[in-house]
Amino acid sequence: MKLSNIKRFWIALILSIPMIIQMLAMPFHWMMPGYNWIAFITTTVIMLISAAPYWKSAWAAFKKHNANMNTLVAVGTSVAYFYSIFAMFTNRAVYFESAAFVTIFVLLGDAMEEKMHSNASNALSKLINLQAKDADVLRNGEFVKLPLKEVHVGDILRVKPGEKIPVDGTITEGTTTIDESMVTGESMPVTKKKGDKVVGATINSNGTFTFKATKVGSNTMLSQIVELVKKAQTSHAPIQNLTDKISGFFVPAVLIIAIITFVIWYVFLNASLVNSILFAVSVIVIACPCALGLATPTALMVGTAKSAKMGVLIKNGEVLEKVTDIDTVVFDKTGTITIGKPKVTDIVGDSKRVLTVATSLEESSEHPLATAIVKKAKEEKIAPVKVDNFAAIEGKGVKANFNDHTALVGSNKLFANSNISREIQDEAEQLQNEAKTVIYVGLDQQVIGLIAIQDVPKPSAKAAIAELKKRGLKTVMLTGDNKNVAQAIGKQVGIDQIIAGVLPTDKADNIKKLQKAGNKVAFVGDGINDAPALSTADVGIAMGAGTDIAIESGGIVLVQNDLMGVVKALDISKKTFNRIKLNLFWALIYNLIGIPIAAGLFAGIGLQLSPELAGLAMAFSSVSVLTSSLLLNKAKIAGTSTQTA
């Protein structure tokens, strides 16, 4: 049976109790009866059970003519152990405690790492377990409670106040507010109505509603979040290759230094055999680069878990490293910077009268501009009036009989022979200069008003772009829309550069041009046509409300359809990677400072380390790296309330 590092640590610690008692009693000149045999037996069990994996790993590396971190642990403990056996049978002082305590201190670091992995896994398990166990599903005209596994795509489900939403779907009837904090990180409940998407495992605050299941089982957003985080936490950041290279030459170098240390002390400085061996063992033990091995995976684990809580899913360690070099952020316009749905922005004339005529003619149309007019009328609580003789005039607009008048709604072409006042003309020109689509509304060839419609920026767009600029990043908008519209939107949100009139197939080519000019590019998009650009960019950031293919193509996925998520993603990625570099720095510093001390370079001034203290110092370096990684949880990220540690 394979034992965990935590269990092996406790076994070693309990077995070492007699040695601890003896060490504490030494200043009082008390010797435990049969101590050598007790220490031999307990240390042997520790070597066979607690230290066995280190020996196996070292032996496997040796057979491949390699050396790894465990080589140093195995060599250091075996030298102390086998010398002590020799010493015991030749009536010399034994050092079993050195082998035992070095094993304990190495296991301390490994046990902490294992505990961190376990906590991360448990957190993900708890998240997936938040799913509802059953659901109210419409079957044969009535709602029945069924296990979640019996819910299929296309089923109609009902959710009552206080209940968990079973699967992902789209509301078909009802209005409510939903707590989505578990998947988006936002604490404020979100209002949902007919046509809005809902996410499985989130909580319905108030109001009963029905929805159509669109994703079930492993395809739900929650399941995908868990899977993405799992993959990210076990991924391999490119900087880890540096760690592996360092370990590759560092371990043999340490063994050589240990041999040289022994030779210098024993041959040239005439130290005793025992002291010379202890200096060599101390060098081997303190140089064990365990902290070096923990530096990358622990920070990666904490960083990706923290980002997931904020609604930012980082797919792998490679993305983290690339983010640090980003100097240009390119945005798609429609659906990314803008809401993606045309909205009435201005009404010229008698607002109620103009909207009444317009919505009466447009209420049955599915055109996006008509939808915007009807939506505005509903918001203003203006009801449509029944019209007769409705007719669509291709390329111009619509007309109908409205309360015994001929009503016209459309472009200025529809009113070519109509009376348009100078004031209306000036207003129309001003609105068009603002890149808004202008709809003329008239009765009996007399223009009574104008309706301006525009796809407006998301509320978070301007603030997010301002935050990116504060960080010294260049912002670019890449869109297929015309130049006037693009410039108007760009001006509102503060974009640095606008590239307009780009065909969907050419978006990736424009990213390549920016890269050839020396820019490191992050691209933010949400549509199918954004997938090539997301893949081409150095870092692709996909909006969570976008298409599946866009989300697949992005290295980072924003669960919320909020551009502040871009700032959060870049911040947490950079902070995580910087923490990895800080961890590597501390791990190497410990070794560089510790080796000369362990080798006895400062023994003349009374500064030296026994193997046990060297093991403790080495364990402390691992604990320091683990603590450093955990402090990422306290890092301050833009748009969150987390305080800096």
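User: Is K145 buried or exposed?
Analyst: This is a predicted model, in which local features need pLDDT of at least 70 and side-chain atom pairs count only at pLDDT 80 or more, while totals for chains, interfaces and linings use all residues. Residues are numbered from 1 along each chain as its sequence is written, and side-chain values use heavy atoms, with hydrogens and water left out. Buried means under 20% relative accessible area, exposed over 50% and partly exposed in between, with a 1.4 Å probe and protein chains only. K145 has a relative accessible area of 51%, so K145 is exposed.

User: Which residue forms a salt bridge with K145?
Analyst: A salt bridge needs a side-chain nitrogen of Lys or Arg within 4 Å of a carboxyl oxygen of Asp or Glu. For K145, the closest N and O atoms of the pair are 3.3 Å apart. The partner counts as buried, because its relative accessibility is 9%. That partner is D136.

User: How many salt bridges does the structure hold?
Analyst: One of them joins R422 and D426, with the closest N and O atoms 3.1 Å apart. Some salt bridges share partners, and these join D134, D136, K145 and R158 into one network. The total for the structure is 14.

User: Which helix holds both R422 and D426?
Analyst: Helices are DSSP runs of H or I with at least four residues, strands are runs of E with at least two, and both are numbered from the N terminus. R422 and D426 are separated by about one helical turn, because they are four residues apart in one helix. R422 is exposed at 52%, and D426 is partly exposed at 38%. The helix, residues 422–433, is α16.

User: How many residues apart in sequence are the parts that K507 and D332 tie together?
Analyst: K507 and D332 form a salt bridge, the closest N and O atoms being 2.8 Å apart. K507 lies in helix α19 (residues 507–516) and D332 in strand β11 (residues 328–332), so the pair ties together separate parts of the sequence. K507 is buried at 3%, and D332 is buried at 5%. The separation in sequence is 175 residues.

User: Where does T220 lie?
Analyst: T220 has a relative accessible area of 1%, so it is buried. Contact means heavy atoms within 4.5 Å, and T220 touches Q131, V167, D168 and K215, not counting residues up to four places away in sequence. A polar atom of the side chain of T220 lies 3.2 Å from the backbone oxygen of G217. T220 lies in the loop between β9 (209–215) and α8 (221–233).

User: Which helix gives the largest share of the largest nonpolar core?
Analyst: A nonpolar core is a set of buried Ala, Val, Leu, Ile, Met, Phe, Trp, Tyr and Cys residues joined through side-chain atoms within 4.5 Å. The largest one has 63 residues, and M19, F96, V254, V283 and I595 touch the most other members. The helix that gives the largest share supplies 10 residues and covers residues 96–129: this is α6.

User: How many residues are in the other core, which includes V323?
Analyst: This core lies apart from the largest nonpolar core. Among its members are V323, V329, V539 and V566. Its count is 37 residues.

User: Which helix gives the most to the nonpolar surface patch?
Analyst: Patches use residues with over 30% relative accessible area and no salt bridge, like charges being joined within 9 Å and nonpolar side chains (Val, Leu, Ile, Met, Phe, Trp, Tyr) within 5 Å. The nonpolar patch covers about 920 Å², an area from the Shrake-Rupley method with a 1.4 Å probe, where only the protein chains shown count as cover for residues. Its members include I260, partly exposed at 45%, and I264, partly exposed at 38%. Eight of the patch residues come from one helix, residues 239–268, which is α9.

User: What is the phi of N140?
Analyst: N140 is found in the loop between β1 (134–139) and β2 (142–147). N140 counts as exposed, because its relative accessibility is 84%. Although N140 is not a glycine, its phi is positive, at about 55°.

User: What share of the residues in the protein is buried?
Analyst: The protein has 23 helices and 22 strands. Its chain totals 645 residues. Of these, the buried share is 50%.

Terms used: A polar contact is a pair of N or O atoms within 3.5 Å; within protein, one must be able to donate a hydrogen and the other to accept it, and residues adjacent in sequence count only if both atoms are side-chain atoms.
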